[in-house]
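Let's take a look at how charged side chains pair up here, and then at how one strand sits among its neighbours. Have the structure open as you read.

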Amino acid sequence: MRLSFRDPDGFVFREQGRILRCIYPEAATGFHNFFASDFRRKLLDAGRICPSWILAEQEARQFAAGLPVGSVLVEHQPISFPNFPWEWSPHMLYAAGESTLELAEGALLNGFLLKDATPNNLIFEGAHPVFIDELSFSQTDHPETVWRPCGQFVSTFLYPLLAATRFGMRLDEIFTVSREGLDTARLWQMTPAWRLFLPPFLELVTLPRLASAAGTADSADGYRKRP
């Protein structure tokens, strides 16, 4: 049974009571580079990522039916009590967001990029957020001028936190309706006019909304990779 969604590099599934990740052949080299890195070892020692190990070829054969030839199989240590963003408190979402930013900064300093920024990449082990998607790290020699998951981070962390703390929305009201959190248009509609010109709404809601209305947010050139 697949437990992950829309990852172009692989997927997580449960088999015989074990949590496994299939990594497609085209993503194997990048994964091995991250898996063998000092950066990953530091994260593992600090309890920031979920312990995992690559299955030996002989052991992997029993799970290989139906998987692309050349795939790598990784087994993850299960979290003792699985939990999800729609079950969290705002304080937990804040801690997960803070951890995500720290991981993104650490990755950049160690020659990697964090490709996405969603609370679905973390699970709490006790009181501590643990990152569970190692395929989100990609190696790079040319850091980009813009962190491309920034919009996703705003939609899935900052906007839900704003809605929870300023308007009393529960996280289950947000994340059970949409895994992608809230968009700018929804926050714009929820926010009283006078608040739209005060921080943090001015920079997080009003300016992006006006920029989108002007058409700059839809420019394809804005997403072009640059060294």
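Arg41 comes out as partly exposed, at 41% relative accessibility. Keep in mind that this is a predicted model.

What does Arg41 pair with? Its salt-bridge partner is Asp38, and the closest N and O atoms are 2.3 Å apart. Both residues belong to helix 2 (residues 38-45), and because they are 3 residues apart, about one helical turn separates them. Asp38 is partly exposed as well, with a relative accessible area of 49%.

That pair is one of 10 salt bridges found in a search of the whole structure. Here are three of them side by side:

| Pair | Closest N to O distance |
|---|---|
| Asp38 and Arg41 | 2.3 Å |
| Arg48 and Glu102 | 3.0 Å |
| Arg170 and Glu173 | 3.8 Å |

The middle row deserves a second look. Arg48 and Glu102 meet through their side chains in a salt bridge. Arg48 sits in the loop between helix 2 and strand 3, while Glu102 is part of helix 4 (residues 90-109), so this contact ties together parts that lie 54 residues apart in sequence. As for accessibility, Arg48 is at 22%, which counts as partly exposed because the buried class stops under 20%. Glu102 is partly exposed too, with a relative accessible area of 41%.

Now for the last row. Arg170 and Glu173 form a salt bridge, with Arg170 partly exposed at 49% relative accessibility and Glu173 partly exposed with a relative accessible area of 34%. Elsewhere, Arg18, Glu59 and Glu75 are joined into one network by salt bridges that share partners.

Glu75 leads us to strand 4. Is this strand (residues 72-76) mostly covered or mostly open? It is mostly covered, with 5 of its 5 residues buried. Val72, Val74 and His76 point one way, Leu73 and Glu75 point the other way, and all of them are buried.

Which strands pair with strand 4? Strand 2 (residues 18-23) does so in the antiparallel sense, over 5 bridges. Within that pairing, Val74 of strand 4 is the bridge partner of Arg21. Strand 3 (residues 52-54) also pairs with strand 4 in the antiparallel sense, over 3 bridges. Over there, Trp53 stands opposite Glu75. So Glu75 turns up in several places: buried in strand 4, opposite Trp53, and in the salt-bridge network with Arg18 and Glu59.

Definitions and conventions:
Residues numbered from 1 in each chain as written. Predicted model: local features only at pLDDT ≥ 70, side-chain atom pairs only at ≥ 80, totals over all residues. Heavy atoms only, no water. Buried < 20%, exposed > 50% of the residue type's maximum accessible area, 1.4 Å probe, protein only. Helix = DSSP H or I, 4+ residues; strand = E, 2+ residues; numbered from the N terminus. Pairing = 2+ DSSP bridges. Salt bridge = Lys/Arg side-chain N within 4 Å of Asp/Glu carboxyl O.
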